[in-house]
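Here are some short exercises to work through with the model open beside you. Try each task before you read its solution.

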Amino acid sequence: MKRIITTIICGIVAFIITFFNVFGNIDKLTEDVLYHNADAVDSRIRIIKIDDKTMNKLGEYADWDRSIYGQLVEKLNVSEDIRPAVIGFDVLFSSEKNKEQDEYFAKTCAKYDNVVCGFSYVFVKDLDTDKNGNKVDNPMTVKDKVVPYPSLAAVTSQGFVNALMDDDDNYIRSAFMFFEEKDGTVTKSFNAAVYEKYMEFCGKEVNYPTDKKVVDFKYTGKAGDYENVSLCDVLDGKVPPEAFDNCIVLVGAYAPGMMDSYFVPVHRGQQMYGVEIHANVIQAIMEGKTLENVPEWVDYVIAVAIAVSLAYICYSTSVVKNIIICVAVIVIKLIAGKLLFNSGYSWNNLAVPVMASVIAIYYIVLHYYRANAAKRSIEKAFNKYVAPQVVSEIAKSGKYELKLGGENRDVAVLFVDIRGFTPLSESLEPEQVVDI
């Protein structure tokens with residue numbers, strides 16, 4: 001009966017842990033450490049960085065005029081044979097600065113038709129109405145849009161650059177593909193716009209790995225892994241335009257003071273610049289490195305089935321076997337998680353390992369308790385027939401135990417008697433004390 005009760009309790013606990021996702025952020029951290037490993041970055045994706053070196057030469061970023069970007073587009077587009085597939089500016093050109101220079105930048109972009117500009121949504125949390133007419137909190141209610149100035153918007157493709165940070169730890173594990181506004185307008189993300197422009201250049205069909213508007217994705221490169229050069233070196237001709245031929249060129253902030261860096265799972269504890277995150281997302285789209293969560297009921301069934309099986313099996317096995325079985329289950333679960341992750345799926349990582357560890361510890365403690373109880377029982381029995389000092393000495397060796405039917409042992413026995421004690425004891429009155 002105790003075995004059945006223990007098994008049932010373990011199954012219930014496993015279900016609760018999985019259903020309520022008790023480990024939440026810790027579970028994601030485990031996935032980050034074990035599964036988000038860097039891989040070979042796509043050499044077709046290159047970054048031109050707006051870094052400290054560039055700002056030391058060209059002045060503060062906020063003071064730049066748009067002719068700098070126009071010159072960059074001219075430098076990269078040498079001819080029909082030598083040109084980037086797409087130039088993506090992870091930069092907001094939200095308002096006109098200098099009309100002449102702004103027009104120069106816009107006309108240059110129109111001339112080559114391979115530029116994608118970023119824009120930004122201003123989201124606020126507000127009450128919204130769902131499909132059933134109920135009022136719900138919507139953390140992504142659009143308050144405003146920061147878009148390129150009109151002449152630039154008219155001649156370039158655009159995509160919004162907003163990042164999606166996890167509410168629990170502010171790490172970026174997901175990315176927008178599209179966003180549907182309240183009036184039904186669907187807009188592309190910056191990553192989707194760059195990807196579509198690249199596929200158009202290659203003459204290929206656009207083929208997204210999923211039709212979801214928001215996807216979890218797998219990182220390929222760590223911070224600094226994608227080939228990157230300073231913008232000023234490109235403008236000065238130190239980097240030949242041939243280096244960007246047929247490539248996806250991303251231009252963006254690459255300096256700490258520009259406040260465009262975020263925590264990412266592939267390089268925990270170190271921030272990655274936004275333009276590098278875009279590079280990772282674009283490669284994930286191109287290579288189908290998106291993640292789907294397995295159905296929740298699958299997590300429940302796996303956790304409960306394994307917990308129940310372990311609790312039942314380990315009840316009657318030795319401590320060593322318990323440890324081997326539970327460790328094997330943990331290792332198999334983590335390996336299966338890695339294989340699933342590589343196949344594009346994510347699941348609950350910690351429910352089974354934690355339950356296996358708890359079950360192993362429980363039965364180790366229970367075995368120790370049972371062994372101590374048996375030991376005390378034997379000592380109690382021996383104390384009736386053997387001197388306590390002898391029992392204590394035998395207990396130290398740990399070589400005694402009660403066996404059904406007893407056991408044969410070689411022993412030495414000493415019988416001692418006192419001469420004349422029997423007749424003397426017969427002649428004495430009760431309670432009389434004598435010296436012998």
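**Exercise 1. A strand residue and its surroundings**

Task: Find what F217 touches beyond its sequence neighbours, and decide whether F217 is buried or exposed.

Solution: Keep in mind that this is a predicted model.
- Step 1. Set aside residues up to four places away in sequence; F217 then touches H36, R173, S174, A175, I277, N280, V281, A284, K289, T290 and L291.
- Step 2. Locate the residue: F217 is in strand β9, which covers residues 214–217.
- Step 3. Check its accessibility. The relative accessible area of F217 is 2%, and the cut-off for buried is under 20%, so F217 is buried.
- Step 4. Try a distance as well. V161 is 56 residues from F217 along the chain, and the C-alpha atoms of the two are 16 Å apart.

**Exercise 2. Two helices running which way?**

Task: Work out how helix α1 is oriented relative to helix α12, and which residues bring the two together.

Solution: A pair of packed helices is described by two things, the angle between the axes and the distance between them.
- Step 1. Take the angle and distance. Helix α1 (residues 2–19) packs against helix α12 (residues 351–382) at about 150°, and the axes are 10 Å apart.
- Step 2. Name the orientation. Angles over 145 degrees count as roughly antiparallel, so α1 is roughly antiparallel to α12.
- Step 3. Add the handedness: the crossing of α1 with α12 is right-handed.
- Step 4. List the residues that meet. From α1 come T6, C10, V13, A14, I17 and T18, and from α12 come A351, M355, I359, Y362 and Y363.
- Step 5. Sort them by class: this contact has 9 nonpolar residues, 2 polar ones and no charged ones.

**Exercise 3. A second partner for α12**

Task: Repeat the analysis for α10 and α12, and find how many nonpolar, polar and charged residues their contact has.

Solution:
- Step 1. Helix α10 spans residues 296–314, and its axis comes within 10 Å of that of α12, with a crossing of roughly 15°.
- Step 2. Angles under 35 degrees count as roughly parallel, and α10 and α12 are therefore roughly parallel to each other.
- Step 3. The handedness of the α10 and α12 crossing is right-handed.
- Step 4. On the α10 side, the contact uses I302, A303, I306, A307, L310, A311 and C314; on the α12 side, it uses A351, V352, M355, A356, I359 and Y363.
- Step 5. The tally for α10 with α12 is 13 nonpolar residues, with no polar and no charged ones.

**Exercise 4. Cysteines without a bond**

Task: Explain why C314 and C326 are not joined by a disulfide.

Solution: A disulfide is a covalent bond between the sulfur atoms of two cysteines.
- Step 1. Search the whole structure: 0 disulfides turn up.
- Step 2. Look at the distance. The cysteine sulfur closest to that of C314 is in C326, 4.1 Å away, which is too far for a bond.
- Step 3. Turn the question round. For C326, the closest cysteine sulfur is in C314, again at 4.1 Å and too far for a bond.
- Step 4. Compare with the cut-off: a disulfide needs sulfur atoms within 2.5 Å.
- Step 5. Check the surroundings. C314 is buried at 1% relative accessibility, and C326 is buried with a relative accessible area of 2%.

**Exercise 5. Positive phi without glycine**

Task: Where do N170 and N246 lie, and are they buried or partly exposed?

Solution:
- Step 1. N170 is not a glycine, yet its phi is positive, about 65°.
- Step 2. The loop between β5 (157–160) and β6 (174–176) holds N170.
- Step 3. With a relative accessible area of 43%, N170 is partly exposed.
- Step 4. N246, also not a glycine, has a positive phi of about 65°.
- Step 5. N246 sits in the loop between α8 (231–235) and β11 (248–253).
- Step 6. N246 is partly exposed, with a relative accessible area of 37%.

**Exercise 6. Two buried residues**

Task: Find which element holds S230 and which holds G337, then list their contacts.

Solution:
- Step 1. S230 belongs to strand β10 (residues 228–230) and is buried at 6% relative accessible area.
- Step 2. Beyond four places in sequence, S230 touches I48, K49, D51, K53 and T54.
- Step 3. G337 belongs to helix α11 (residues 319–342) and is buried at 2% relative accessible area.
- Step 4. Apart from neighbours within four places in sequence, G337 contacts Y35 and W347.
- Step 5. From G337 to N383, 46 residues apart along the chain, the C-alpha separation is 56 Å.

Note on methods. Residues are numbered from 1 along each chain as its sequence is written. This is a predicted model: local features need pLDDT of at least 70, side-chain atom pairs count only at pLDDT 80 or more; totals for chains, interfaces and linings use all residues. Side-chain values use heavy atoms; hydrogens and water are left out. Axes are lines fitted to C-alpha atoms, for helices over the stretch in contact, and angles run from 0 to 180 degrees between N-to-C directions. Helices (H or I, at least four residues) and strands (E, at least two) are DSSP runs, numbered from the N terminus. Angles under 35 degrees count as roughly parallel, over 145 as roughly antiparallel, 65 to 115 as roughly perpendicular and the rest as oblique. A crossing is left-handed if the near helix is turned anticlockwise from the far one by less than a right angle, and right-handed if clockwise. Contact means heavy atoms within 4.5 Å. Ala, Val, Leu, Ile, Met, Phe, Trp, Tyr, Cys and Pro count as nonpolar, Asp, Glu, Lys and Arg as charged, and the others, Gly among them, as polar. Buried means under 20% relative accessible area, exposed over 50%, partly exposed in between (1.4 Å probe, protein chains only).
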